[in-house]
Amino acid sequence: MFLLFLTMLLVPAVYSDPSLKVGFYKRSCPAVESIVRRTVRRAVSRNPGIGGGIIRMHFHDCFVRGCDGSVLLKSGPGGKQSERDHPANNPGLRGFEVIEEAKNRIESVCPNTVSCADILAFAARDSSSKLGRINYAVPAGRRDGRVTVFDEVTDNLPPPTSTADQLVANFARKGLSADEMVTLSGAHSIGASHCSSFSARLYSFNGTHDQDPSLDRKFAAALKATCPRPPQNGGSGRDPLVPLDSATPNWLDNKYYVELTAGRGLLTSDQTLVENSLTRKYVAKYVAVNARYGATWTAKYVKAMVKMGSIDVLTGSQGEIRSSCSFVN
């Protein structure tokens, strides 16, 4: 195992919005982080895939309207669709029920105090802890947004077909560097993706009937055994889930980067990281059979997660504290 296990990694110099602070609920709801931690650990113990889903949900939340819990909102009356219903989130995102369970438990002891946006940030940290022993302090104080817009997902989230240059540009718009983008991509060490997100690499690469030449042949054959041809290519229409990292699918570590160098990146947006001269050098930092490189990635992952969790946050009197994470008050 390449990852260096850390019992608690605290990085005081990490960038975060000055309105957020560690221990924000120390007086108003001192049990909040332990409640979220217990709820997440119980859910992830039953289904490890939930942990990857929660981390991904935090990312999807922060990249659309900032880290305001808008991804948690269900569609309202009148057929107006929310972020949650966008194909990038439905059916791919998992763990909504875990966030709602944590919220209900918190409301029973600290009503109208803790935001859903903060619960999601805590839950992403606790998923990283459960599946990789990566622990870190989460600055809190976010408020919940009242708006969710379906089309903003398309405008802000990078699709799984993104090239490295597109990813770099997308993350730069959120204030994140190319290095931080590659670091956060390492979260694909856990979780799963539907075949439809990458099947073009298997059956119709660049409009042909060939497979993506960057794919390892044995890996591609294994994927074809699981993923049928897309309906437009005469397939069955089934859309199974496949682990994002075939080597350590339920453990958050730097093995993801080793898989990329072997042509076993599942998504185009994964494999592209070793095909671009800028991002390849960052991948190379994490590829070595040496615990030191696991520790390097872990420390940078913590800093990048905290920084991402500060994107365009609502604080103070902005937004609201929802009573239910699925609906505005």
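Which residues does Val 64 touch, not counting residues up to four places away in sequence? In this predicted model, Val 64 touches Ser 70, Glu 83, Glu 152, Val 153, Asn 156 and Leu 157 under that condition.

**Overall architecture**

The protein contains 13 helices and two strands. Its radius of gyration is 19 Å, close to the 20 Å that the globule rule gives for 329 residues, so the protein is as compact as a globular protein of that length. The C-alpha trace spans about 60 × 50 × 35 Å along the principal axes. Of the 329 residues, 54% count as buried. Among contacts between residues at least 6 apart in sequence, 77% join residues at least 24 apart.

The exposed area amounts to about 14200 Å², of which carbon and sulfur atoms supply 53%. The protein carries 40 positive and 30 negative charges, and the mean positions of these two sets are 6 Å apart.

**Annotated binding site**

An unreviewed UniProt entry places the feature "binding site" at Asp 61, Val 64, Gly 66, Asp 68, Ser 70 and Glu 83. These positions are spread over 23 residues of sequence, yet they cluster in space, with a largest C-alpha distance of 12.5 Å.

Two of these positions, Val 64 and Gly 66, are described below.

| Residue | Relative accessible area | Location |
|---|---|---|
| Val 64 | 1% | loop between helix 2 (49-63) and helix 3 (96-109) |
| Gly 66 | 2% | loop between helix 2 and helix 3 |

Val 64 counts as buried because its relative accessibility is 1%, under the 20% cut-off. Gly 66 is likewise buried, at 2%. Not counting residues up to four places away in sequence, Gly 66 touches Asp 61, Ile 311 and Asp 312.

Note on methods:
Residues are numbered from 1 along each chain as its sequence is written. This is a predicted model: local features need pLDDT of at least 70, side-chain atom pairs count only at pLDDT 80 or more; totals for chains, interfaces and linings use all residues. Side-chain values use heavy atoms; hydrogens and water are left out. Helices (H or I, at least four residues) and strands (E, at least two) are DSSP runs, numbered from the N terminus. The radius of gyration is taken over C-alpha atoms; the globule rule is 2.2 Å times the number of residues to the power 0.38. Buried means under 20% relative accessible area, exposed over 50%, partly exposed in between (1.4 Å probe, protein chains only). Contact means heavy atoms within 4.5 Å. Accessible areas come from the Shrake-Rupley method with a 1.4 Å probe; for residues, only the protein chains shown count as cover. Lys and Arg count as positive and Asp and Glu as negative; His and the chain ends are not counted. The place of a charge is taken as NZ of Lys, CZ of Arg, CG of Asp or CD of Glu. UniProt positions are given in the numbering used here, feature names are shortened, and annotations may be inferred rather than shown by experiment.
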